[in-house]
Amino acid sequence: MIRRRPFTSLFLLLLLALLGWVWHERVNLQAFPDIIAAYTAKEYCSCRYVANNPAAYCLGYVKQYLPTSAFNDNPLRSEVTASGLGRTHTARWLGERQGCRLNP
Amino acid sequence: MVKGLLCAVLLLITINGHAETWPDQEWAKGTPLTGPALEALDAYAFAPRDDATRQGIRTDALLVIRDGKVIYERYAAPTSASTPHLTWSVSKSLMACVLGVAYGDNRFKLSDPVARFYPPMKQHPTVTMADLLHWASGLDWQEDYEFAPLKSSVVAMLYTRGRADMAEFAANSDTFSAPGRAFRYSSGDSNLLSAALKGMLGHKAYMSYPWDALFTPLGIRNATWETDADETFVASSYAYLTARDLARVGLLMARDGRWKDQQLLPRDWVAFNRQAFGNYKAGQDEATPGGHWWLNQGTPRPWPDAPADTFAALGHWGQALYVMPEQRLVIVRYGDDRDGSYRHNELLKRVLAAVQP
């Protein structure tokens with residue numbers, strides 16, 4: 001089999017290795033898409049409502065190499081929502097001492 | 001003769017006591033720095049800023065205190081003197097100060113097992129408070145931020161799997177070494193300290209403790225310390241202070257834990273903070289770890305142009321509080337460095353050149 005179909009064999013072997021890796025990292029891989037939305041919502045909230053920086057500055061400050069698909073800052077509720085990689089997260093300013101926190 | 005000597009000593013102490021300057025509502029102003037060495041400092045710290053590429057040294061704030069007086073202060077907009085700036089991992093050393101007050105109240109001993117105050121650590125029953133303070137819990141932690149986001153324990157703790165209860169997330173780590181044997185920088189260790197403090201104090205007292213124990217006595221009025229959903233302070237990352245307020249913590253440390261007439265942190269606590277962790281191997285990190293502070297010790301010294309007694313609280317993207325007790329200097333540097341071009345040694349060298357009389 002290996003001699004007759006060297007490329008197919010190699011491909012299957014690599015696929016098996018990849019699947020093994022995906023299984024091994026399943027917990028991390030499942031959480032990974034949450035990072036960009038959670039990071040953007042939390043750090044923008046703190047930049048804007050804890051450090052009191054201007055909105056335009058905070059948008060630049062939280063920019064990462066992964067794009068966000070939606071973003072909303074609700075100043076009335078001091079609440080920031082960001083979406084990216086199919087996940088959405090919201091952070092809210094709780095008060096002077098406790099600053100911002102991601103909603104559960 | 002003896003009486004005379006005693007009088008002389010007393011007089012000296014009195015004179016020194018009066019000569020010592022402490023910030024009140026505001027910091028006193030000293031003679032501002034001038035001259036070519038100051039220009040060299042400005043040129044390094046405040047190089048023209050490129051907000052498109054975000055490359056290079058991007059200082060948000062630089063504040064130099066000598067003898068308790070401001071001798072240099074500069075900000076880059078929008079950061080100003082009234083901005084409570086994110087300190088990132090400087091928070092870890094702030095938690096060490098808060099713990100120092102609890103230590104002075106005999107709330108714990110360095111040799112106490114963490115599990116005594118924080119039951120989830122029963123999984124690791126021999127890890128002590130000192131081990132956590134040395135970042136030597138032996139817990140298998142991956143501290144990388146941007147470069148390995150998939151495997152990063154910090155990113156998972158702050159933003160995904162750990163964010164509801166960061167200390168528990170850290171406590172659930174595997175181990176890679178026996179406690180106290182090996183240094184591995186870990187934000188998890190710092191948040192375990194925060195959870196242990198909560199266990200000592202109870203939830204209600206804990207929620208105001210950083211203010212009651214540290215910030216209010218120092219005259220710090222605008223501090224924010226964010227918590228996770230379990231209301232544990234994120235000691236690894238999320239304290240916010242103005243540069244002027246962070247400098248108050250620096251002055252406290254420069255003067256051996258004393259604030260005016262009050263020994264706020266026991267002297268042996270500060271000595272522990274400033275003693276290098278014995279099992280640290282040179283080159284494992286950018287400076288030598290002490291008790292949740294960074295030291296300019298070892299061969300070669302991490303910052304060869306700064307005195308050996310220099311120690312610092314350091315954070316992501318260039319946040320720093322440097323303390324030089326012998327030089328009577330406290331330096332706060334806030335930044336937004338997105339690459340690795342900023343050098344502690346270069347900044348300290350230029351500050352030292354600029355403050356020479």
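**Chain A layout, helix 7 of chain B and the A–B contact**

Chain A of this predicted model has four helices and four strands.

Trainee: In what order do the helices and strands of chain A follow along the sequence?
Mentor: Chain A holds four helices and four strands. Read along the sequence, the pattern is α-α-α-α-β-β-β-β.

Trainee: What is the radius of gyration of chain A, set against a compact globule of 104 residues?
Mentor: The C-alpha atoms of chain A fill a box of roughly 70 × 25 × 20 Å along the principal axes. A compact globule of 104 residues would have a radius of gyration near 13 Å, whereas the value for chain A is 21 Å.

Trainee: How far apart are the C-alpha centres of the two domains of chain A, domain 1 and domain 2?
Mentor: Domain 1 of chain A covers residues 1–31, and domain 2 of chain A covers 34–102. The distance between their C-alpha centres is 38 Å.

Trainee: What share of the 104 residues of chain A counts as buried?
Mentor: A residue is buried if 20 or more other C-beta atoms lie within 10 Å of its own. Of the 104 residues of chain A, the share that meets this is 33%.

Trainee: Is helix 7 of chain B mostly covered or mostly uncovered?
Mentor: Helix 7 of chain B runs over residues 187–201 and has 15 residues. Twelve of the 15 are buried, among them Leu192(B), Leu193(B) and Leu197(B). Helix 7 of chain B is therefore, by the cut-off of 20 or more other C-beta atoms within 10 Å, mostly covered.

Trainee: Which helices are included in what covers the buried residues of helix 7 of chain B?
Mentor: The buried residues of helix 7 of chain B include Ser187(B) and Lys198(B). The cover includes, from chain B, helix 3 (90–104), helix 4 (129–133), helix 5 (153–159), helix 6 (166–171) and helix 8 (203–215).

Trainee: What span does helix 7 of chain B reach from its first C-alpha to its last?
Mentor: At 1.5 Å a residue, the expected span is 21 Å. Just after the helix, Gly202(B) takes a positive phi of about 85°. From first C-alpha to last, helix 7 of chain B is close to the expected value, at 22 Å.

Trainee: Which element gives the most to the side of chain B that touches chain A?
Mentor: The contact takes 25 residues from chain A and 23 residues from chain B. On the chain B side, the elements that give two or more residues are strand 4 (85–86), helix 5 and strand 5 (224–225). With three residues, the element that gives the most is helix 5 of chain B.

How values were computed. Residues are numbered from 1 along each chain as its sequence is written. Chains are lettered from A and ligands numbered from 1 in the order in which they are written. This is a predicted model: local features need pLDDT of at least 70, side-chain atom pairs count only at pLDDT 80 or more; totals for chains, interfaces and linings use all residues. The radius of gyration is taken over C-alpha atoms; the globule rule is 2.2 Å times the number of residues to the power 0.38. The expected span of a helix is 1.5 Å times one less than its number of residues. Two residues are in contact if their C-beta atoms, placed from the backbone, lie within 7 Å. Domain bounds come from an automatic or database domain assignment.
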